Amino acid sequence: MSTDKKRVQFRAPARLIERTDSLAAVFGSDRTDILIHALREYLRDAAHDDEIKQEIAGAYYDDEISFEQLKSLVGKEEAANFRVLKRQLDEDLTDELAEL
């Protein structure tokens, strides 16, 4: 895992941040640790959720995200499968357009 860190800033509901700080106190950590852990959990779960994976694949097929971004979200093997399917879809579209 990369040790490079990037500073981010966002707004969140006050109650959510208060709960985050309370949990951090329980674990003897800080807000950042709790948010990083929560983000990792969410991203890991999203990579296994079929509905979210289809959204991710759709974004890749529509060129909204790169292959590298796709790979970081769903893993190397699944990303390779989506890339093959995208190429097949592109070839099918090309064939259909050629027949017109």
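1. Confidence of the model. This is a predicted model, and the mean pLDDT of the protein chain is 91, with 98% of its residues at 70 or more. Within the chain, helix α1 (residues 14-27) has the highest confidence, at a mean of 96, while helix α5 (residues 76-99) has the lowest, at 87. As a general caution, predicted coordinates should not be read in detail where pLDDT is low.

2. The largest pocket. The volume of the largest pocket is about 1,000 Å³. It is lined by 21 residues, of which K6, V8, T32, I36 and L39 are the closest to its centre. Helix α2 (residues 31-46) contributes the most to this lining, with eight residues. By character, the lining of the largest pocket comprises 10 nonpolar, seven charged and four polar residues.

3. Residue T20. Is T20 buried or exposed? T20, which lies in helix α1, has a relative accessible area of 8%. This value is under 20%, so T20 counts as buried. Apart from its neighbours within four places in sequence, T20 is in contact with R31, I34 and L35.

4. The salt bridge in helix α2. The structure contains eight salt bridges. One of them joins R44 to E41, with 2.9 Å between the closest N and O atoms. The two residues are three apart in helix α2, so about one helical turn separates them. Both partners are partly exposed: R44 has a relative accessibility of 45%, and E41 has a relative accessible area of 28%.

5. The salt bridge in helix α3. K53 forms a salt bridge with D50, and their closest N and O atoms are 3.7 Å apart. These residues lie three apart in helix α3 (residues 50-61), which means that about one helical turn separates them. The surroundings of the partners are described by their accessibility: K53 is buried, at 12%, whereas D50 is exposed, at 54%.

6. A link between helices. Which residue of helix α5 pairs with K53 of helix α3? The side chain of E78 meets that of K53 in a salt bridge, at 3.5 Å from N to O. This pair links distant parts of the chain, because E78 belongs to helix α5 and K53 to helix α3, 25 residues apart. E78 itself is partly exposed, with a relative accessibility of 27%.

7. A shared network. E41, R44 and D45 are joined into one network by salt bridges that share partners. The pair of R44 and E41 described in point 4 belongs to this network.

Conventions. Residues numbered from 1 in each chain as written. Predicted model: local features only at pLDDT ≥ 70, side-chain atom pairs only at ≥ 80, totals over all residues. Heavy atoms only, no water. 1 Å grid on protein atoms, 1.4 Å probe; cavity = no way out; pocket = protein on both sides within 12 Å on 5 of 7 lines; lining within 4 Å. Points joined across faces, edges and corners; volume = space filled by probe spheres on them. Helix = DSSP H or I, 4+ residues; strand = E, 2+ residues; numbered from the N terminus. Nonpolar A, V, L, I, M, F, W, Y, C, P; charged D, E, K, R; others polar. pLDDT = per-residue confidence, 0-100. Buried < 20%, exposed > 50% of the residue type's maximum accessible area, 1.4 Å probe, protein only. Contact = heavy atoms within 4.5 Å. Salt bridge = Lys/Arg side-chain N within 4 Å of Asp/Glu carboxyl O.
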